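Okay, thanks for making time, everyone. I'll put the structure up and talk through a helix, a histidine and some charged pairs.

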Amino acid sequence: MALIMAFCTLIVNVLCLPLHLIKALVMYEIYKRVFPICWYRCSIIYNNKMHDKKKELFRSLPDFNRHGKQLTIWRSAVELICTDPNPHFKKYLKSSMEGNDHITFDRFVVASGEDMGAIESESVDVVVCTLVLCSVNNIPKTLQETRRMLRPGGGFFFMEHVVGEPSTWGLRSIGPWTYFFQHVLQPPWYYFGDGCEIVRDTWKPLEATGFSDLKLKHVEAPLMFLIKPHIIGYAVK
């Protein structure tokens with residue numbers, strides 16, 4: 001089955017040659033202006049479907065307000081710092097902030113997850129990361145930057161889609177077929193998702209980062225099968 005998967009992936013890669021060429025010619029930057037519009041609409045659906053899981057995840061958020069002032073969050077009184085390498089997300093962030101009077105919006109930082117030098121070390125109580133580690137270039141470096149920004153005892157909350165379970169093949173076994181199609185369809189997904197990768201075992205670098213405590217669990221999200229496998233939880237610096 002691994003050979004079939006590799007062959008199918010090769011065929012899809014060949015079919016994606018026009019997309020590879022567009023990216024090589026730097027024409028892909030045009031799509032980066034369009035992607036925030038698409039993602040803003042998709043995020044509404046995602047948040048509705050994942051509402052209960054997010055509510056469960058963030059239940060312990062107030063525990064990280066150790067200094068008794070506003071809780072400073074990167075990425076609920078709350079002072080918020082948001083970052084993204086795509087500057088075109090900023091206006092949609094403002095739309096999302098409407099109606100959240102309990103949040104004090106600090107600033108929007110255009111930066112990659114691997115280089116967050118604009119945010120001071122040990123300056124935030126909590127880092128929130130949802131559907132981010134699927135598209136950063138270097139997960140371990142992004143997690144190290146996260147640890148750098150967190151105050152001692154600060155929390156890193158995450159909710160990320162991950163690669164499926166490859167273990168047992170069979171027509172009635174959903175997990176392996178998810179794994180199969182995640183790999184086969186990764187080339188076009190990368191472009192339509194602005195660098196998103198659906199074949200990442202993100203839990204491994206999380207376990208290796210060196211947090212003092214890590215609460216992580218694998219769940220099946222109520223979403224399409226390609227992004228159904230998720231990990232959710234939090235880590236403590």
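**Helix H3 and its surroundings**

So, start with H3: there's a bend of about 30° at phenylalanine 35, and a proline, proline 36, follows within four residues. Before anyone asks, yes, this is a predicted model.

How does the end-to-end span of helix H3 compare with what 1.5 Å a residue should give? H3 runs over residues 29-49, which is 21 residues, so the expected span is 30 Å, and the end C-alpha atoms sit 30 Å apart, in agreement.

Now, which residues of H3 are buried? Phe35, Pro36, Ser43 and Tyr46 are. So the residue at the bend, phenylalanine 35, is on that buried list. As for what they pack against, the buried residues of H3 meet helix H4 (51-57), helix H5 (90-97), E5, helix H8 (186-192) and strand E7 (229-236).

That brings me to E5. Strand E5 covers residues 150-161, and histidine 161 is found in it. Is histidine 161 buried or exposed? Its relative accessibility is 6%, and the cut-off for buried is under 20%, so histidine 161 counts as buried. Leaving out residues up to four places away in sequence, histidine 161 touches Leu131, Cys134, Cys196, Glu197, Ile198, Thr202, Ile227, Pro229 and His230.

Keep an eye on Glu197 in that list, since glutamate 197 also forms a salt bridge with arginine 200, with the closest N and O atoms 3.2 Å apart. Glutamate 197 is partly exposed at 25% relative accessibility, whereas arginine 200 comes out buried at 12%.

Okay, charges in general. How many salt bridges does a search of the whole structure find? Ten. I'll pick a couple besides the one I just mentioned. Aspartate 201 pairs with lysine 204 in a salt bridge, where the closest N and O atoms are 3.3 Å apart. Aspartate 201 is partly exposed, with a relative accessible area of 29%, and lysine 204 is partly exposed too, at 47%.

Then there's aspartate 106 with arginine 107, a salt bridge whose closest N and O atoms are 3.1 Å apart. Aspartate 106 has 31% relative accessibility, so partly exposed, and arginine 107 gets that label as well, at 26%. Which residues are linked with them in a network of salt bridges? Glu120 joins in, so to speak: Asp106, Arg107 and Glu120 make up a linked network.

That's my tour, happy to rotate the view for anyone.

Notes: Residues numbered from 1 in each chain as written. Predicted model: local features only at pLDDT ≥ 70, side-chain atom pairs only at ≥ 80, totals over all residues. Heavy atoms only, no water. Salt bridge = Lys/Arg side-chain N within 4 Å of Asp/Glu carboxyl O. Buried < 20%, exposed > 50% of the residue type's maximum accessible area, 1.4 Å probe, protein only. Helix = DSSP H or I, 4+ residues; strand = E, 2+ residues; numbered from the N terminus. Contact = heavy atoms within 4.5 Å. Expected span 1.5 Å × (residues − 1). Bend = angle between axes of the 7 residues up to and from the residue.
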